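These are my notebook entries on one structure. I record what I looked up, item by item.

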Amino acid sequence: MNEQTVSNTPTILLVEDEALIAMAERVTIERYGYRVIIARSGEKAVDAVAGQPEIDLVLMDIDLGPGINGPDAAKAILADHDLPVVFLSSHTERSVVEQTEGITSYGYIVKNSGETVLLASIRMAFRLHDAVRARMESEARNRALLDANPDVMLLFGTDGTIVDYHAVEPPTLLVPPDRFLNRHVRDVVPPDLADTAERSIARVLSTGEPCIVDYDAYDQSGAHRFFEGRFVRGGSDSVLMISRNVTERKHHEDRARVLSEMLDAAPSVIVIYDLNGRFLYANRKALDTYGYTRDELLAMNLCDLKSPQSGAEIRDRIRLIERDGSAIFEAENRRSDGVAILMRVYAKRVAWGDLPAIMSISDDVTESARMADALKASEERYRAIFDHLPHGICYYDANGVCIDCNDAMSQIAGVDRSALIGFDMNTLDDESLRSILRRALAGEDVRFEGPIGAGLFADPKWIRSRNIPLYGAEGDLHVVAIVEDLTESRRLQRDLYLSKERLQIIAQNIDDVVVILDLDGVVTYATDSHLPLGYPPDEIDGIDGFLLVHPDERDAARRLLADAIRDHTPMAGTYRLRRYAGT
C-alpha cells in the first residue's frame, strides 16, 4: 500500500454521486477497519487522489451523473498514480462493462451483491495490487537475466561447500557472494535450509538421479521468496543446484486457491461445462443441491440433469449462449434422487484454459416459484370473493384515497367504479363519513349504522359499515371499509310498521273476531274482539287456533286451511266458536 498511509489504517476513496448510497457503503466498509473518503464526482475524485497521498484504493462508480464518468476519472488517476481501482456499478449490461476495458482495474463489483462480496473484492484488490507490484519488481530484476540464464546456479563440493556460482546480478542471491563462496552451506543459510541442501546433495551423490526440492527464504532485500531447487551431478566430485524463483507461481497458486475457496463458499450453484455439456467444474453448492460427489458430477453431462427429451433444448441453449455471450433463463433440473427443482440461471461464455466453455450461476427457486403460484391462486380467490360479495368493499390508503372497490360498492354508491377509484374521501360533504374516515385513519376499528347524505352516494342512504385499519409489513396503513346498504330494508320495515298500524286500527274497530294463524294453525295474532269468548289476552297467542272452533267442526276447519294453503286461494267457511269456559 501507499507508504504515506495515515497510521496503519488503509484508506479507500469511494467515488459515488448518490449521497445515501455513499453513506451506506461507507458505514459498511468502515465497519471492517478501513478509512473511507467520499468524492461525489469524477473531477473531485481526481483532485482527491492528487491532494491526499494517503489514499490506498479507489472504489469507483461508473455512472457519476454530470461531468466525467467513472472510467474517465480512473484513467486520469492512473495516469499519475499507481493505485488499485475497483469499479462499482448496478449495471451488468455489456455496454456498461465494456467502458472499463483497457483500464487497469482490480475488480468489477455489482451493487447489492452483498456485504461479503464487497469486502472480499476490496481485500482481493489489495492483494492483487500488492502481488502485481511484487511481480513488476521481480520482472525488473530478472529482465537482464533472461538474456543469459534466468536461474541462479550454485556448485557444491561433496562436503557441502559452495565452490562457485552463476548469477547475472549478484543482488538476486540470498546473500552476497563474499559471504558464501568457499564456505559451507551451514555457515550461510538457516539450519532448516542447510538440512534440505545437505540431504539433496547426499541423495544425488548416492543415486546419481536429479533431486527437486521446494524451499523458501528471505533475499538480501528482506523479501520472502519461494524457490524450486534442482540438484544434479556437476561432476565426479560436485553437485550443481539450479535455483528457480517460483514466488510468482506460488502467489498465483495461492490466489487460485483463494478464488476456489470463494467459489466453494458461494451461496449459488456455480458450474462450468464445455460446449458439449460436459461438466468441467462444480462448486460445493452444486454438489449439495444436486446430491452428487464431485467425481460423480464431473463425470456427467448437463443432459444427465434433465429429462431425456430435453437434449435438443440444451443444445439450442448452448448455441444461443455461444452466439450471444450470455443468457438468463429458468430451467428444471433433477437431483440424484429424481426430485425436480426449478433453477434460475445466468450463463456466460468463458474460456476454460484453451477450451471454450460456459459458466452457469444458478439458484434454486423451486420454493419461491411454489409460493408465487400459491400467492397467485390466493389472490385469484381473494379477487373472486372481493368482486362477488353482496356487500360493498372499499380499500383506501393512509391519505383517504380509494385505491380499489368492488362492483357492489359501486352499486351502493350509485356511481361508476372508475369514478370511485382515486376518489379523495376527505372531500365528502357528509360529516358522518368524514368522522368515520378520520377515526379509521387514526387506527380505530369504526362501526357505523345510520343515514348519510349525498356526496359519495348519488342519493341519501341508510347504511351499516365497518372500517378496519390494516398495517403492512413496514407499518404502512390502509383501511378496508365493508358497507351494507340498508336503505331498502329500512323502507320495508317502515312499510311493515305502517301496515301493522293500519291493521290494528281496522281490527280494533270491528266486532268480528280476527285471528292470524301460521301454516301449522298456531295463533300469531288476535284482535281484542275475541275477549267476549273469555280467553285471557296473554294466553291467546301461541295456542292451537282450532281450539277456538267447536269440537264438532274442528276437522272441517282444518281441511279448509289445508286446501287454502295447497291452492294458495282464500277459502270461506262458517263455524261455531268455543268459549274459554268450554261452551
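The entries below go through a sheet, two linked loop residues, several salt bridges and a hairpin.

**Entry 1: the model**

I note at the outset that this model is predicted.

**Entry 2: the parallel sheet**

I first looked up the strand order. 5 strands make up an open sheet, ordered β2-β1-β3-β4-β5, with parallel pairing. The edges are taken by β2 (35–39) and β5 (108–110), each of which pairs on one side only. From one strand to the next, the twist averages 25 degrees.

I then examined one pair of strands. Strand β1, residues 11–15, is joined to β2 by 5 bridges in the parallel sense. Within this pair, I find Leu13 opposite Ile37 of β2.

Next I turned to the helices on the sheet. Helix α2 (residues 42–51) packs on the sheet and touches β1, β2 and β3 (55–61). The direction of α2 makes about 165 degrees with that of β1. Helix α3 (residues 70–78) packs on the sheet as well, with contacts to β3 and β4 (85–89). For α3 I recorded an angle of about 160 degrees with the direction of β3.

**Entry 3: Asn283 and Ser268**

Where is the place of Asn283? I located Asn283 in the loop between β13 (279–282) and α8 (284–290). Is Asn283 buried or exposed? Asn283 has a relative accessible area of 0%, so I enter this residue as buried. The side chain of Asn283 reaches the backbone oxygen of Ser268 at 3.0 Å. Leaving aside residues up to four places away in sequence, Asn283 touches Leu263, Asp264, Ala266, Ser268, Val269, Ile270 and Arg294.

I followed this contact to Ser268, which lies in the loop between α7 (247–265) and β12 (269–274). The relative accessibility of Ser268 is 14%, and Ser268 therefore counts as buried, the cut-off being under 20%. With residues up to four places away in sequence again left out, Ser268 touches Asn283, Lys285, Ile361, Ser362 and Asp363. One of these partners, Asp363, makes a polar contact through its side chain with the side chain of Ser268, at 2.8 Å. I also took a distance from Ser268 to Arg491: the two are 223 residues apart in sequence, and 67 Å separate their C-alpha atoms.

**Entry 4: salt bridges**

How many salt bridges does the count come to? I obtained 39 salt bridges. I inspected three pairs and one network.

The side chains of Arg284 and Asp288 form a salt bridge, with 3.7 Å from N to O. Why are Arg284 and Asp288 separated by about one helical turn? Both belong to helix α8, and the separation follows because they are 4 residues apart there. Arg284 is partly exposed, with a relative accessible area of 40%. Asp288, at 52%, is exposed, since the class begins over 50%.

The side chains of Glu330 and Arg344 also meet in a salt bridge, at 2.7 Å from N to O. This pair links distant parts of the chain, 14 residues apart. Glu330 is in strand β14 (residues 326–334), and Arg344 is in strand β15 (residues 340–352). I list Glu330 as partly exposed, at 41% relative accessible area. Arg344 is partly exposed too, at 43%.

The third pair is Arg558 and Asp544, whose side chains form a salt bridge at 3.2 Å from N to O. Here again distant parts of the chain are linked, with the two positions 14 residues apart in numbering. Arg558 belongs to helix α17 (residues 554–567), whereas Asp544 is in the loop between α16 (537–540) and α17. Arg558 is partly exposed, with a relative accessible area of 37%. Asp544 is likewise partly exposed, with 26%.

Which residues are joined into one network by salt bridges that share partners? I found Lys250, Asp254, Arg257 and Glu261 in that network.

**Entry 5: the β22–β23 hairpin**

My last item was a pair of antiparallel strands. Strand β22 (residues 515–517) is joined to strand β23 (residues 523–526) by 3 bridges. Leu517 has Val523 as its bridge partner in β23. The two strands, β22 and β23, form a hairpin with 5 residues between them. In the turn, I noted a positive phi of about 85 degrees at Gly521.

Note on methods. Residues are numbered from 1 along each chain as its sequence is written. This is a predicted model: local features need pLDDT of at least 70, side-chain atom pairs count only at pLDDT 80 or more; totals for chains, interfaces and linings use all residues. Side-chain values use heavy atoms; hydrogens and water are left out. Two strands pair if DSSP finds at least two bridges between them. Axes are lines fitted to C-alpha atoms, for helices over the stretch in contact, and angles run from 0 to 180 degrees between N-to-C directions. Contact means heavy atoms within 4.5 Å. Buried means under 20% relative accessible area, exposed over 50%, partly exposed in between (1.4 Å probe, protein chains only). A polar contact is a pair of N or O atoms within 3.5 Å; within protein, one must be able to donate a hydrogen and the other to accept it, and residues adjacent in sequence count only if both atoms are side-chain atoms. A salt bridge is a side-chain nitrogen of Lys or Arg within 4 Å of a carboxyl oxygen of Asp or Glu.
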